[in-house]
Amino acid sequence: MAFDKAVKNKYMELANAEPVANGELDEMEREPSARLLLREAGLSRTHFPGMVRKRAYIFDGNGNYYNKEWDLIEGRGKEFCWYHVELPKGNQKLAQSAQYLIDVLCPPLKLQDILSLISNGPFCGHVDGALVFRVNSPGPASSDFTFRIAARITENSVITVSLGRVPRLGFSPVGQSLLSEVPSVESPSHFRGEQREGGGIVIREHVLEFLLTMNHSEEADNPVPASLSNLVVHIIDTHMDHLQDVVTKLEIELDSVELEMDKGGFALKKQMLDDRRFPKMNLNLQRLLQVIAHGEQVYPRVKEKCSSKQWFSSEDISALEELIGRLRRLKENVGFIANRVTAIQAGLDSWQAEQINRKLYYLSFLSIIFLPLSVITGVFGMNVGGVPWTEQRNPELKEGFRNVMFLCVVMLLLVLLCFSFPALYTYLATWNRRRKMRKSWSLNRKSFLKRTVRNGVEDRGGGYLRI
C-alpha cells in the first residue's frame, strides 16, 4: 500500500541520516516514532472530518492557559494539557460514537482506552496506567436527558469526552462576559440579536430567560486551573452545573404547567392527557435520577483513588467531597420534582375518571328513563291475542294509540319524579331549616329588645345598661 511504502521510506531516511545533537534526540524520543513519521510524512487522515468538536489547552501551572494543536502530547514539568472531545447529539448509535473517538484519539490511545471512555454505565478504574472514570447514561443521544462525561487522567494530561456541549466547561477571555454590564431587556418587537447602546448592552427577552435558568457563572469567570487536580475538580463541577441547569428548567416548566392548569379548562386538561405530557416528564426524571445514581457510584471512587496520588492536592480532595454532597442534595431535589409530577398526574387521572363517571351517569339516566317505555311498547307490540287496544278493526278501540301514549307519559313523569325526589327533598329540608332559623332569630331579637328596654327603664337613674 502507498501508506506502508511511505512509512518504510521514512524509516530508511532516518536510518541513513547522520547522528543528531543530544537536544534534538531527546525531543524525538518524547514522541512515538510512528506518530512522528505520520506527522512528518503528512499521512494523518480522518474518516469523519467535522463530526466532532475538539478543543486543546495547555496550562503553565501559574494560572495561565493557551490553545494548542491537537497532538495528544502530555505536558512536561509543571505544564499539563487538556484535550476535550465533544460528540454530536444526534440519532447515531453507540458504535458510531466509538468510531468518532477512534478517529480523533487513535493513536496514541488504544482501543481498550477508547472503549472505556465511550461505553455505557458507571466506571472508575485504571486502564493502561491511567485513571479513567465515566458517567454515561444509556438512552438516545438526541435526548436532553442523556448525559455522557468521561475522563482519562494521567499526571500531565487529561482527555475528556462529553455528549453535546457542557456549559461552562471551557474558558473564555476575561472581560468579555455578557453579564459584566447591567443589561437592558429588548422586547421581541424590536431589533434582532444584540446591540450596544450608550455603553450598555441590549439583550433579547428570551436570552435573559435562558440566563435566569443558569445557577452558575459564565465561562469567562472560570478560574484557570493551576494544577491538574484543579482541572479534574473543574470538570466534575461543570458536570454538576449541567445537571442543575436541567433540573432548574424542569422546575420552571412544571411551575408554568401548574399555572396553565389552574387557568385552563376542559380543553387544556384533555390536551395534556392526550399528549401524555406528565408520563413523559416522569420518564425524563427517571433518566435524570439514573445519571445522578451513576455519579454517586463513580465520584466517591474517584476521590478515593485520587487521594492516593501525590499530584492531587488535599484542597481538591475536600472540593470533591463537597461536590459529592451537592450531588446527593440534587438527587433529593429531583425526587421532590418527581413527586410533584406524580401528584399532578394523579389529579389529572382523577379528573378524567370523574368525567367518565359523569358521562356514564348521564347514559344510565337515559337508559333508566327509556327502559319503562321500552317495556310498555314491547308489551303492546306482542303478536298474541288478548292484548288490549290492539284490534285495529274494532271501532270502539280507535283511541288505543292515544291511551298507550298517555300511559308512556305517565310512566315517564313517574320516573322523573323518582329521580328528582331526593333533590326536591333536600331543597325543601334546607328551606324549612332556614325558615326555622330565621323565625328563631326573630323571636330572640324581640326578646332581647324587650329585656333591653325593661332594664333601661329600671336602671335609668344609674345611667348604666345591664348586659
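Me: Buried means under 20% relative accessible area and exposed means over 50%, with partly exposed in between; which of these words fits arginine 276, and why?

Reply: In this predicted model, arginine 276 has a relative accessible area of 47%, and since that value is neither under 20% nor over 50%, the residue is called partly exposed. Arginine 276 is found in the loop between helix H8 (266-275) and helix H9 (277-306), and has a positive phi of about 55° although it is not a glycine.

Me: Why is aspartate 128 called partly exposed, and where does the residue sit?

Reply: Its relative accessible area is 47%, which falls between the 20% and 50% limits, so partly exposed is the word that applies to aspartate 128. Aspartate 128 is placed in the loop between S4 and S5, and its phi is positive, at about 55°, although the residue is not a glycine.

Me: What makes valine 224 partly exposed rather than buried?

Reply: The limit for buried is under 20%, and valine 224 has a relative accessible area of 24%, so the residue is partly exposed. Valine 224 belongs to the loop between helix H6 (205-212) and helix H7 (228-263), and its C-alpha atom is separated by 5.4 Å from that of glycine 63, although the two residues are 161 apart along the chain.

Me: How do you know that there is empty space inside the model, and how much of it lies in the largest cavity?

Reply: Rolling a probe the size of a water molecule over the atoms shows where empty space is left. A search of the whole structure finds one cavity of 30 Å³ or more, and the largest cavity holds about 40 Å³ of space.

Me: What makes up the lining of the largest cavity, and how do its residues divide by type?

Reply: The lining consists of Leu87, Leu117, Ile118, Asn136, Arg148, Ile149, Ala150, Val161 and Ser162. Since Leu, Ile, Ala and Val count as nonpolar and Arg as charged, the lining divides into six nonpolar residues, two polar and one charged. Helix H5 (111-118), strand S6 (148-153) and strand S7 (157-163) each supply at least two of the lining residues, and S6 gives the most, with three.

Me: How do you know that S6 and S7 are paired, and how many bridges join them?

Reply: Two strands pair if at least two bridges are found between them, and five bridges join S6 to S7, which run antiparallel, so the condition is met. Alanine 150 has valine 161 in S7 as its bridge partner.

Me: Why are S2 and S4 called edge strands?

Reply: The open sheet has seven strands in the order S2-S1-S3-S7-S6-S5-S4, with mixed pairing. Strand S2 (65-67) and strand S4 (121-127) each pair on one side only, and are the edge strands. Neighbouring strands of this sheet are turned by 15° against each other on average, direction ignored.

Me: Which strands do helices H4 and H5 lie against?

Reply: Helix H4 (residues 94-105) packs on the sheet and touches strand S1 (53-59), strand S3 (80-87), S6 and S7, its direction making about 145° with that of S3. H5 lies across S3, S4, strand S5 (130-136), S6 and S7, and runs at about 35° to S5.

Me: Which peptide bonds that involve proline 107 are cis?

Reply: The bond joining cysteine 106 and proline 107 is cis, with omega about -10°, and the bond from proline 107 to proline 108 is cis with omega near 10°. Proline 107 is found in the loop between H4 and H5, and that loop is also the place of proline 108.

Note on methods: Residues are numbered from 1 along each chain as its sequence is written. This is a predicted model: local features need pLDDT of at least 70, side-chain atom pairs count only at pLDDT 80 or more; totals for chains, interfaces and linings use all residues. Side-chain values use heavy atoms; hydrogens and water are left out. On a 1 Å grid over the protein atoms alone, a cavity is a set of points where a 1.4 Å probe fits but cannot get out, and a pocket is an open set with protein on both sides within 12 Å along at least five of seven lines; lining residues have an atom within 4 Å of a point. Grid points are joined across faces, edges and corners, and a volume is the space filled by probe spheres set on the points. Helices (H or I, at least four residues) and strands (E, at least two) are DSSP runs, numbered from the N terminus. Axes are lines fitted to C-alpha atoms, for helices over the stretch in contact, and angles run from 0 to 180 degrees between N-to-C directions. Contact means heavy atoms within 4.5 Å. Buried means under 20% relative accessible area, exposed over 50%, partly exposed in between (1.4 Å probe, protein chains only).
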